[in-house]
Amino acid sequence: PGHFPPSSPLRQALVPVGMAGVLSASMRIPLAATVMVTEMTGSYGLIVPLMVTCVTSYVLGRRWGLNPSQVRWSAESPAHAGDLLGRMLESLQVQHLMDRHWRYTVTPSTTLGEMIQQIGSSSRPVFAVRQDGRLVGVISVQDISRAISEPGISEIVIAADIMSGQDTTATPEQSIAEVLEVFQQTDLDVLPVVSDGPERRHLGMLRRRAIHEAVRSRLDRIREHARREHAGIAAIEQDEQLFQLMLGVSGSRPDVFNRMPVPNEVVGASIRQAGFQRRYGAQVVAIQNQDGSLQCPPDIDAPLREDQILVVIVSSTPSAERKVPSDQNTPGNS
């Protein structure tokens, strides 16, 4: 006892612990290294020294690692960039967004004239041709346009004459992620939804626009939840709104954007009453309220309040720049 090197059993136990420490630091995988060595040794007797060694080596060596392209956490990983949207699309199914009462549904004997009457001046519908509840074909506006090139046939031609078979369909249980790939490959705007099986019973139609509206609605709700939980996100959104406004205008005008508080002498007066552009050489393009909301275009007849911030386009001439009391705490953008 008391001699060095240690006894053989202890030396054998330190070998896998040291291996796990090296792996944890070099590959930045402390948890995986702990589990791997535990499985290799078939014993949980080393779990405490393994955890201590792996965590310590990871903390000390995470700045280097063997893989320079490895990011610090999953939020920075390109592979996880679309996780939120991907999970959202996979959770949505066709049956959640499909239109079960598609108004443009006809039978094979429907005449061309009857279909033309259903087409509005601004609509480009897709007709679902259904017989005994089964989908037998579809008719697009292009199909109808080709058919009416011959005069006087609107009462002769029927849907069965111009319909095309629809091999590309969706089933109610399919995820929206799968259906979006179909939309991308076929460049369709509407997809028939049929029952799964040989009967192909027509259940409705899925519009590409409905997917966009559903995803946008969910993202808006997520953004609203995030805004309530994290106050700093509201400030980022306000700056993004201003940036988009400036981007849309500054590209076509050689002027300078600036943010300024409402001057004391015009508080209570409207933009029109104050003669703002003549008085300060600046055109008000938006008003930012105290809650961060952006009013664009501004109401030129509403009284200005001292808690508001004016987003203005300032003439680039030096004389006009001296007139405008710009907000020193809020730098302008050009």
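Let me start with a term. A residue counts as buried under 20% relative accessible area, as exposed over 50%, and as partly exposed in between. Keep that in mind for Glu213. Its relative accessibility is 37%, so Glu213 is partly exposed. One caution before we go on: this is a predicted model.

Now, what does Glu213 do with its side chain? It meets the side chain of Arg209 in a salt bridge, 3.1 Å from N to O. Both residues sit in helix 10, four residues apart, so about one helical turn separates them. Arg209 has a relative accessible area of 57%, which is over 50%, so Arg209 counts as exposed. So here we have an exposed Arg209 paired with a partly exposed Glu213.

How many salt bridges are there by this rule? The count comes to three. You have just heard about one of them, Arg209 with Glu213.

Next, Asp301 and Arg272. Their side chains also meet in a salt bridge, and the N to O distance is 2.7 Å. This pair links distant parts of the chain, 29 residues apart. Where are the two ends? Asp301 is in the loop between strand 8, residues 294-295, and strand 9, residues 309-314. Arg272 is in helix 12, residues 271-274. Asp301 has 47% relative accessibility, so it is partly exposed. Arg272 has 54%, so it is exposed.

Then there is Asp307 with Arg305. Their closest N and O atoms are 3.2 Å apart, and they form a salt bridge. Asp307 is partly exposed, at 31% relative accessibility. Arg305 is partly exposed as well, at 40%.

Let's move to the nonpolar surface. Which residues make the nonpolar patch? They are Leu84, Leu85, Leu219 and Ile222, and the patch covers about 300 Å². Two elements each give two or more residues to this patch: helix 4, residues 83-91, and helix 10, residues 208-229. Helix 10 is also where we met Arg209 and Glu213. Look at Leu84 in particular. It is found in helix 4. Its relative accessible area is 45%, so Leu84 is partly exposed. A patch residue needs over 30% relative accessible area, and Leu84 has 45%.

On to the pockets. Rolling a probe the size of a water molecule over the atoms shows where empty space is left.

The largest pocket has a volume of about 330 Å³. It is lined by 17 residues. Which of them lie nearest its centre? Val126, Ser140, Gln142, Leu188 and Asp189 do. Three elements give two or more residues to this lining: strand 3 at 134-139, helix 7 at 141-147 and strand 4 at 190-194. Helix 7 provides the largest share, three residues. By class, the lining has nine nonpolar, four polar and four charged residues.

The second largest pocket has a volume of about 240 Å³. Its lining has 11 residues. Nearest its centre are Trp102, Arg124, Asp189, Val190 and Arg207. By class, that is a lining of five nonpolar, one polar and five charged residues.

Find Asp189 on the structure. It is among the residues nearest the centre of the largest pocket. It is also among those nearest the centre of the second largest pocket.

To close, take helix 10 with you. It holds the Arg209 and Glu213 pair, and it gives residues to the nonpolar patch. Thank you.

Conventions
Residues are numbered from 1 along each chain as its sequence is written. This is a predicted model: local features need pLDDT of at least 70, side-chain atom pairs count only at pLDDT 80 or more; totals for chains, interfaces and linings use all residues. Side-chain values use heavy atoms; hydrogens and water are left out. On a 1 Å grid over the protein atoms alone, a cavity is a set of points where a 1.4 Å probe fits but cannot get out, and a pocket is an open set with protein on both sides within 12 Å along at least five of seven lines; lining residues have an atom within 4 Å of a point. Grid points are joined across faces, edges and corners, and a volume is the space filled by probe spheres set on the points. Ala, Val, Leu, Ile, Met, Phe, Trp, Tyr, Cys and Pro count as nonpolar, Asp, Glu, Lys and Arg as charged, and the others, Gly among them, as polar. Patches are made of residues with over 30% relative accessible area and no salt bridge: like charges are joined within 9 Å, nonpolar side chains (Val, Leu, Ile, Met, Phe, Trp, Tyr) within 5 Å. Accessible areas come from the Shrake-Rupley method with a 1.4 Å probe; for residues, only the protein chains shown count as cover. A salt bridge is a side-chain nitrogen of Lys or Arg within 4 Å of a carboxyl oxygen of Asp or Glu. Buried means under 20% relative accessible area, exposed over 50%, partly exposed in between (1.4 Å probe, protein chains only).
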